[in-house]
Amino acid sequence: MDRLSIIGGTPLNGRIPISGAKNSALKLMAAALLTDEPVTFHRMPNLADTRFLSELLQTLGVEVYWPKGENTCRLNAAELTSTIAPYEQVRKMRASFNVLGPLLARAGHATVSLPGGCAIGARPVDLHLKAFEAMGADLKIEEGYVKAAAIHGLKGAQIVFPFVSVGATEHAMLAATLAKGETVLENTAQEPEIADLADCLIAMGAKISGAGTATIRIEGVETLSGTEHNVMTDRIEAGTYAMAAAAAGGDVTLEDAPVEALTALVGLLRQSGVTVDADAEAHTLRIQRNGSALKATDVDTQPHPGFPTDLQAQFMALMTVADGTSIIRENIFENRFMHAPELSRLGADIQVRGREAVVKGVSGLKGAEVMATDLRASVSLVIAGLAAEGETVVNRIYHLDRGFERLEEKLTGCGANVRRRGEEDE
Ligand code: UD1
């Protein structure tokens with residue numbers, strides 16, 4: 001199994017291009033199921049997760065044209081040959097569950113495995129299912145599968161989410177595009193990926209207003225057509241490299257950065273003493289820290305526009321070397337501190353108390369062998385490794401390959417000493 005070796009202590013200097021957003025791409029790919037015309041995506045990130053979803057789409061009958069290594073991908077769901085998403089595929093990648101709504105809306109029925117729990121908590125899908133029921137779907141759970149039917153089509157509905165869910169908002173929006181009548185979704189998530197999905201659906205002929213706010217209205221249409229869409233750039237990837245530069249020191253400019261989507265992070269980085277030049281028009285974010293100390297800064301994860309849970313692990317890695325004590329509170333997922341004991345292996349001082357982690361900054365980290373537990377946790381270990389003295393070896397880096405395109409290349413391009421080691425190198 002591949003591992004990543006990082007020799008820390010070198011500042012990062014240079015430019016890093018930001019790729020298309022994984023979390024947006026996965027929902028956009030599911031949207032291609034809603035039409036019998038081809039949909040072409042540009043800036044599609046080449047990742048284990050997006051490749052994996054393209055395989056699932058192929059098993060449903062979607063023609064996929066996506067040459068290896070390329071960032072343009074064409075999906076053609078002219079004919080659906082199956083409406084079953086098996087356990088093996090949904091278990092490996094939760095976002096596969098998002099094919100349920102589009103299949104139900106287009107074909108009138110679908111059988112999709114429940115995703116089960118994951119490394120960061122139970123992650124139920126009850127809100128997704130309640131939304132489909134409100135739209136008139138008949139749902140049964142049998143042997144771990146959701147069997148859904150809407151023989152006469154889905155109907156528009158008024159759905160008030162009891163709390164904010166990105167996945168349920170997107171999933172209900174996808175299904176409602178082809179429902180009869182108007183659907184009003186209230187207390188919706190406002191993450192930028194939702195507006196990106198809505199933009200693509202609108203280009204396909206959907207009637208959607210309010211995406212990016214707390215109320216989304218969708219007037220169902222009979223059919224949707226094909227389109228071309230540029231996947232938005234990845235705010236989590238951009239935020240991760242911003243923190244890598246802050247932790248290692250140096251001067252890094254992120255290109256194609258979704259600057260406005262990163263306001264919460266930029267505020268906290270500045271508070272912790274990092275110089276950040278954000279240029280929304282040029283889509284660049286320049287991060288500088290040259291020898292100055294980092295100040296301990298508290299963080300509280302919240303739905304957008306608050307601080308994203310997907311950047312919490314990376315911020316914790318940064319705070320391990322700050323002056324003073326920071327309190328990191330995780331409000332979105334119940335078990336998202338798996339990186340804390342791994343960071344401690346590098347010498348970090350972190351106490352986890354329920355949903356809070358108390359991070360006492362230390363004067364320096366020392367390289368060690370560590371284990372990646374989930375996607376964002378694993379990249380926090382890379383950040384810590386870049387700031388540490390000596391060698392850090394991150395095991396189980398398949399987690400990183402799920403969500404970071406060309407990670408080693410982007411980091412080594414800025415002078416980092418990062419190398420992938422396969423078994424043959426051992
Ligand atoms: C998405 C992102 C993930 C990010 C998260 C929060 C993708 C592929 N993943 O995940 O990277 O960390 O948003 O920004 O886009 N919940 C329920 N019932 C439901 C749905 C959610 O209880 O039916 C709970 C979850 O367990 C969690 C909270 O609601 O505690 C928020 O989850 P949600 O916003 O739905 O996250 P995802 O869409 O799964």
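1. Start with Arg376. Leaving out residues up to four places away in sequence, Arg376 touches Lys22, Asn23, Ile236, Asp310, Ala313, Gln314, Arg336 and Phe404. Arg376 sits in helix 12, residues 375–387. Its relative accessibility is 4%, so Arg376 counts as buried, the limit being under 20%. Please keep in mind throughout that this is a predicted model.

2. Next, the overall build. The protein chain has 14 helices and 24 strands. Its C-alpha atoms fill a box of roughly 65 × 45 × 45 Å along the principal axes. What radius of gyration does the chain have, and what would a compact globule have? The chain has 22 Å; a compact globule of 426 residues would be near 22 Å, so the two agree.

3. Burial and surface. Of the 426 residues, 57% count as buried. The accessible surface comes to about 16400 Å². Carbon and sulfur atoms account for 47% of that surface.

4. Contacts along the chain. Take the contacts between residues at least 6 apart in sequence. Of these, 72% join residues at least 24 apart.

5. Helix 4 deserves a look. Is helix 4 enclosed or open? Six of its eight residues (100–107) are buried, so helix 4 is largely enclosed by the rest of the structure. The buried ones are Leu100, Gly101, Pro102, Leu103, Leu104 and Ala105. They pack against three helices and two strands by name: helix 1 (22–31), helix 5 (126–134), helix 6 (166–176), strand 7 (109–113) and strand 9 (145–149). Just after helix 4 comes Gly108, with a positive phi of about 85°.

6. Helix 5 is one of the partners of helix 4. Its own buried residues are Leu127, His128, Leu129, Ala131 and Phe132. These pack against helix 4 and helix 6, and against strand 8 (138–142), strand 9 and strand 10 (158–160). Gly136 follows helix 5, and its phi is positive, near 95°.

7. Helix 1 holds Leu28. The relative accessible area of Leu28 is 0%, so this residue is buried. Which residues does Leu28 contact, leaving aside neighbours within four places in sequence? They are Phe41, Asp196, Leu197, Cys200, His229 and Val231. Ala148 is not on that list. The C-alpha atoms of Leu28 and Ala148 are separated by 21 Å, and the two residues are 120 apart along the chain.

8. Gln271 lies in helix 9, residues 263–271. Its relative accessibility is 48%, so Gln271 counts as partly exposed; exposed would need over 50%. Setting aside residues up to four places away in sequence, Gln271 touches Lys295 and Thr297. Lys295 is 24 residues from Gln271 along the chain, yet their C-alpha atoms are separated by 7.4 Å.

9. Now the empty space. How many cavities of 30 Å³ or more does a search of the whole structure find? The search finds one. The largest cavity has a volume of about 30 Å³. Its lining is made of Arg235, Ala261, Leu262, Ala264, Leu265, His304, Gly306, Pro308 and Leu311. By class, that lining has six nonpolar residues, two polar and one charged.

10. One lining residue, His304, also takes part in a cis peptide bond. The bond joins His304 to Pro305, with omega at about 10°. Pro305 belongs to the loop between strand 18 (299–300) and helix 10 (312–319). A reader tracing the backbone can check this spot directly.

11. Backbone points outside glycine. Glu143 has a positive phi of about 50° although it is not a glycine. Where does Glu143 lie? Glu143 is in the loop between strand 8 and strand 9. At 79% relative accessibility, Glu143 counts as exposed.

12. Arg406 is another case. Its phi is near 50°, again a positive value in a residue other than glycine. Arg406 is in the loop between helix 13 (398–403) and helix 14 (407–412). Is Arg406 buried or partly exposed? At 38% relative accessibility, Arg406 counts as partly exposed.

Methods
Residues numbered from 1 in each chain as written. Predicted model: local features only at pLDDT ≥ 70, side-chain atom pairs only at ≥ 80, totals over all residues. Heavy atoms only, no water. 1 Å grid on protein atoms, 1.4 Å probe; cavity = no way out; pocket = protein on both sides within 12 Å on 5 of 7 lines; lining within 4 Å. Points joined across faces, edges and corners; volume = space filled by probe spheres on them. Nonpolar A, V, L, I, M, F, W, Y, C, P; charged D, E, K, R; others polar. Helix = DSSP H or I, 4+ residues; strand = E, 2+ residues; numbered from the N terminus. Rg over C-alpha atoms; globule rule 2.2 N^0.38 Å. Buried < 20%, exposed > 50% of the residue type's maximum accessible area, 1.4 Å probe, protein only. Contact = heavy atoms within 4.5 Å. Areas by Shrake-Rupley, 256 points an atom, 1.4 Å probe, with all protein chains shown as cover.
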